[in-house]
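Trainee: Before I use any of these labels, I would like to know what stands behind them.
Mentor: Then ask about them one by one.

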Amino acid sequence: MNNKVLYKIDDFYIGKVNISCKQGNLLIPHDTDFSGLFIKKIKLIEKGAIDDNYNFMRSRNGRIYETVYTVFLRQDDGYLCLHDGNIYKENGDDYCSCLTSFKNYFPKVDFIIPNQLTINEAINYFNIIINDYKGIELYDKNALHSISDYFIGSLDLLTSETIIDNQVFMEKNFINYRLLANNWIGCCGRYTNDGTKDMSYDYLKCLFLKIANRYYSINDFTFYTDMESDDSFCHHLLPYKEYIENFNITAKEDLSIYEANVIYTKLEATKKESKTKTKKFSLKNLFNNIKTN
């Protein structure tokens, strides 16, 4: 892999690499190379790929599969996995799937998405945003928004669906869930109105920035609406200013996304530490502890 060449960002994808070994039969069960498959998976994870918790040791067409999430570069003959240097296609014994544009996982507000990336830059962004959960630091700290545009609310994130007729299971929004997992509240399942799908949702508490008629979740860089649907949506939206005032502090009228998130994160942590009484804060001290450059 040439780490100095610039590639169009549209050629980078996040997705799954599905690695496999031949499955043994009843006569020779030990013929399945579980250890070799496990070693291949561990090597990918050690290099920065993400374990796919939904698909542990599954079988397909006489092969046993393990899967991880990784970043790919589209090539003429397939997709180059940046964590192992191999080319994968969307079919075959080992294959790639669930490919989503890498651009989806960059901030959509107060950040300029680069038009081109080197392979090293793509890996670094993958680590910053998805492995280290530090995508919040990419926001422009000098860009300010009115406090009236910030909201705290619940997100119903669609994480999987099963098509009833043939029991096809489809994982949804795994990376979004990973970026928001620290804010997990609970989960539930429900059927679509026509009864054809069984939908699974995770409930997450999020900080949103309202832009026009949509709510931008600052941690998974995705726009949602407050209209209930079969897809993901937000609800029970509390103005950020009101949330702040519940802690007996007065916020500035204009905040950067980074500032708003730091304050929100600190206050949520304090709520967890002290369930019986709310700790009072000096907003001045809170702001003094926020890095602005």
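## Labels and their grounds

Mentor: The accessible surface of the protein chain comes to about 15700 Å², and carbon and sulfur atoms account for 47% of that surface. Keep in mind that this is a predicted model.

Trainee: What is the secondary structure of the protein chain?
Mentor: It comes to six helices and 18 strands. Of the 293 residues, 45% count as buried.

Trainee: Why is Tyr243 called buried?
Mentor: Buried means under 20% relative accessible area. Tyr243 has 3%, so the residue is buried.

Trainee: Where does Tyr243 lie, and which residues is Tyr243 in contact with, leaving aside its neighbours within four places in sequence?
Mentor: Tyr243 lies in helix 4. With those neighbours set aside, Tyr243 is in contact with Ile152, Leu238, Tyr264, Leu267, Glu268 and Lys271. Ile152 is 91 residues from Tyr243 along the chain, yet their C-alpha atoms are separated by 7.5 Å. Across the protein chain, 68% of the contacts between residues at least 6 apart in sequence join residues at least 24 apart.

Trainee: What makes Asp10 and Lys103 a salt bridge?
Mentor: The cut-off is a side-chain nitrogen of Lys or Arg within 4 Å of a carboxyl oxygen of Asp or Glu. For Asp10 and Lys103 the closest N and O atoms are 2.9 Å apart, and the pair forms a salt bridge. The pair links distant parts of the chain, 93 residues apart. Asp10 is in the loop between strand 1 (7–8) and strand 2 (12–22), and Lys103 is in the loop between strand 8 (95–101) and strand 9 (116–117).

Trainee: Why do Asp10 and Lys103 count as partly exposed?
Mentor: Partly exposed is the range between under 20% and over 50%. Asp10 is at 38% relative accessibility, so Asp10 counts as partly exposed. Lys103 is at 30%, so Lys103 counts as partly exposed too.

Trainee: How do you know that Lys241 and Glu253 meet in a salt bridge?
Mentor: The limit is 4 Å, and their N to O distance is 3.7 Å. Lys241 lies in helix 4 (residues 240–245) and Glu253 in the loop between helix 4 and strand 18 (254–255), so the pair ties together parts that are 12 residues apart in sequence. Lys241, at 35% relative accessibility, counts as partly exposed, and Glu253 does so at 44%.

Trainee: Lys252 forms a salt bridge with Glu259. Is each partner buried, exposed or partly exposed, and on what grounds?
Mentor: Glu259 has a relative accessible area of 8%, so Glu259 is buried. Lys252 is at 36% and therefore counts as partly exposed. The closest N and O atoms of this pair are 3.2 Å apart, against the limit of 4 Å.

Trainee: How many salt bridges does the structure hold, and which residues are linked in a network?
Mentor: The structure holds 13 salt bridges. Lys16, Asp52 and Glu171 are linked in a network of salt bridges.

Trainee: Which residues form the negative surface patch, and what makes it negative?
Mentor: Asp194, Glu228, Asp230 and Asp231 form the patch. Asp and Glu count as negative, so a patch of these residues is called negative.

Trainee: Why is Asp194 called exposed?
Mentor: Exposed means over 50% relative accessible area. Asp194 has 56%, so Asp194 is exposed. Asp194 lies in the loop between strand 13 (184–191) and strand 14 (197–211).

Key
Residues are numbered from 1 along each chain as its sequence is written. This is a predicted model: local features need pLDDT of at least 70, side-chain atom pairs count only at pLDDT 80 or more; totals for chains, interfaces and linings use all residues. Side-chain values use heavy atoms; hydrogens and water are left out. Helices (H or I, at least four residues) and strands (E, at least two) are DSSP runs, numbered from the N terminus. Buried means under 20% relative accessible area, exposed over 50%, partly exposed in between (1.4 Å probe, protein chains only). Contact means heavy atoms within 4.5 Å. Accessible areas come from the Shrake-Rupley method with a 1.4 Å probe; for residues, only the protein chains shown count as cover. Patches are made of residues with over 30% relative accessible area and no salt bridge: like charges are joined within 9 Å, nonpolar side chains (Val, Leu, Ile, Met, Phe, Trp, Tyr) within 5 Å. The place of a charge is taken as NZ of Lys, CZ of Arg, CG of Asp or CD of Glu.
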